[in-house]
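Biologist: Could you go through this one with me? I would like to jump between topics as we look.

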Amino acid sequence: MRFTFRKGLKTNTECLRGPVGEPSVQTVAFLGADYPGVVFDLKVAEGDPIVAGQILCVDRRRTEVAFVASAAGRVRRIRLGARRRLESIEIACEGEAYRSFDAGPAAQGSDSLRELLLQSGAWAGFRTRPFGHVPDPSGRPHAIFVTATDTNPLAPDPVAVLAPQRELFQRGAEALLHLTDGPVYICQPDSAPLVPAQDRMRVVTFSGPHPSGLPGTHIHHVIPASRQRSVWQIGYQDVAAIGHLLNTGRIMARRVLSVGGAGLADSALVCAPLGAKLSDLVHGRGNADAAQLLSGSILSGQRVEYLRRHDLQVTVTRRDPPESLARTFWQRQLDRIRTPQTGATLPLEGFERVFPLDLLPVPILRALAVGDVETAERLGCLELLEDDLALLSHLCPSGSDYGMLLRRTLDILAQEQAA
């Protein structure tokens, strides 16, 4: 199966290839915001020594779902937000100690494989559609989508990254067949198949401008998600990590990331643990004080201190220059007026040109902006996650963060379904 898209944002930047560096990462963090819908139950305290693969916390409602440390060291700080919700667990990296898992029984059946993925934290690499949650441990999706293509500017080249990990990737992909009765789709660029196609293992190629490389685009055109039809998505490096876990009994918590942007002279690939501190990843590559660090691409990245769970990019942008102090009296008064978080949605023709899904972008954005949950669902918002709307947020002159508005709507719909 092959798809070629004309709609999208055309850029002259190709995926990054080349040698992979290994920066010295001093601190990593587990971020609660990476897992919407989860209420965490802590299993560690500040000051505790930990090893890579050790359980940091579990889902209070589904205690089988474990979240593990990506590096060995000591718990430096646990941050709690409103209503004592977990914001982050910061770990000062020390040593190379790791926890070993018994991967032998996982080859014998789906139940043992699920137990291994849950205990090792690999289960957290999956996301469901609709809602973008960590899947239920007993769930069986209609299909699983492996995203092995990336059209974000300055993204790592998945084919080049997987070249030395081809056997691990294939074993991980074959293991996914035990988690569903439906097909496993390997979504890749138009190149040689990354795995041999078989009965339920299907290779689908996608080409065209961004966002042709996003999971939402793939799922929409192959098997759209709905309340009645749940599908799971997972990244290509997470699949290779499952293969590594099955081969060695150890987690592979390091990922190949791209580091680049206008704030750096040269872009590069680095290998770093999940949740690495962004400043550690760019240390020695430029003037960090004169730059802003984003976890993610220039289109969807967020200004955070640590790498988000599903991001494979660090974007370095130039810091905005300070405004002139010579401002008039009325300009200073206008600055004191509170402005809304989001502005009015402006119907632009550009939305239609860059949105490759067979949905109506402007009506969906309007429904999200005014909080019309029923209309947003009727127009197809259950097929979307935050990254699907990042390009529209980037283009809209209103300054609205449609990803944030979508997450608010999805949370409401998920609560209604659970009730």
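Biologist: How many aromatic pairs does a search of the whole structure find?

Modeller: Bearing in mind that this is a predicted model, a search over the whole structure gives 13 aromatic pairs. One of them joins Y35 and F40, whose rings sit 6.4 Å apart centre to centre with 75° between the planes, an edge-to-face arrangement.

Biologist: And are Y35 and F40 buried or exposed?

Modeller: Both Y35 and F40 are buried.

Biologist: What about the rings of Y35 and F67, and why is that pair called what it is?

Modeller: The ring centres of Y35 and F67 are 4.8 Å apart and the planes meet at 55°, and because an angle that is neither under 30 degrees nor over 60 counts as tilted, this pair is classed as tilted. The pair links distant parts of the chain, since Y35 lies in the loop between strand 3 and strand 4 (40-42) while F67 belongs to strand 7, 32 residues apart.

Biologist: Why do Y35 and F67 count as buried, then?

Modeller: The cut-off for buried is under 20% relative accessible area; Y35 has 6%, so Y35 is buried, and F67 has 1%, so F67 is buried as well.

Biologist: Which residues do the ring pairs link into a cluster?

Modeller: The cluster linked by ring pairs consists of F30, Y35, F40 and F67.

Biologist: Switching to empty space, how many cavities of 30 Å³ or more are there, and what volume does the largest cavity have?

Modeller: The structure holds 3 cavities of 30 Å³ or more, and the volume of the largest cavity is about 390 Å³. Its lining is made up of 30 residues, with V68, S70, G121, L274 and R309 lying nearest the centre of the cavity. By class, that lining has 21 nonpolar, 4 polar and 5 charged residues.

Biologist: Which elements each supply at least two residues of that lining?

Modeller: Strand 3 (27-31), strand 7 (66-68) and helix 5 each supply at least two residues of the lining of the largest cavity.

Biologist: And the second largest pocket, what are its volume and lining?

Modeller: The second largest pocket has a volume of about 520 Å³ and is lined by 21 residues, of which A52, S70, A71, E96 and R254 lie nearest its centre. Its lining divides into 12 nonpolar, 4 polar and 5 charged residues.

Biologist: Back to helix 5, what does it reach from its first C-alpha to its last, and how many of its residues are buried?

Modeller: Helix 5 covers residues 236-248, and its 13 residues reach 19 Å from the first C-alpha to the last, which is close to the 18 Å expected at 1.5 Å a residue. The helix is mostly covered, with 11 of its 13 residues buried, among them Y236, D238, I242, H244 and L246.

Biologist: What covers the buried residues of helix 5, and what comes just after the helix?

Modeller: The cover includes helix 1 (110-120), helix 2 (158-162) and helix 3 (166-176), together with strand 11 (143-147), strand 14 (231-235) and strand 15 (254-260). Just after helix 5, G249 takes a positive phi of about 80°.

Biologist: Last one: which residues of helix 9 are buried, and what do they pack against?

Modeller: In helix 9 (residues 361-370), the buried residues are P361, V362, I364, L365, A367 and L368, and they pack against helix 8 (349-354), helix 10 (373-378), helix 11 (390-395) and helix 12 (402-418). Helix 9 is followed by G371, with a positive phi near 75°.

Terms used. Residues numbered from 1 in each chain as written. Predicted model: local features only at pLDDT ≥ 70, side-chain atom pairs only at ≥ 80, totals over all residues. Heavy atoms only, no water. Helix = DSSP H or I, 4+ residues; strand = E, 2+ residues; numbered from the N terminus. Expected span 1.5 Å × (residues − 1). Buried < 20%, exposed > 50% of the residue type's maximum accessible area, 1.4 Å probe, protein only. Contact = heavy atoms within 4.5 Å. 1 Å grid on protein atoms, 1.4 Å probe; cavity = no way out; pocket = protein on both sides within 12 Å on 5 of 7 lines; lining within 4 Å. Points joined across faces, edges and corners; volume = space filled by probe spheres on them. Nonpolar A, V, L, I, M, F, W, Y, C, P; charged D, E, K, R; others polar. Phe/Tyr/Trp six-rings, centres within 6.5 Å; stacked < 30°, edge-to-face > 60°.
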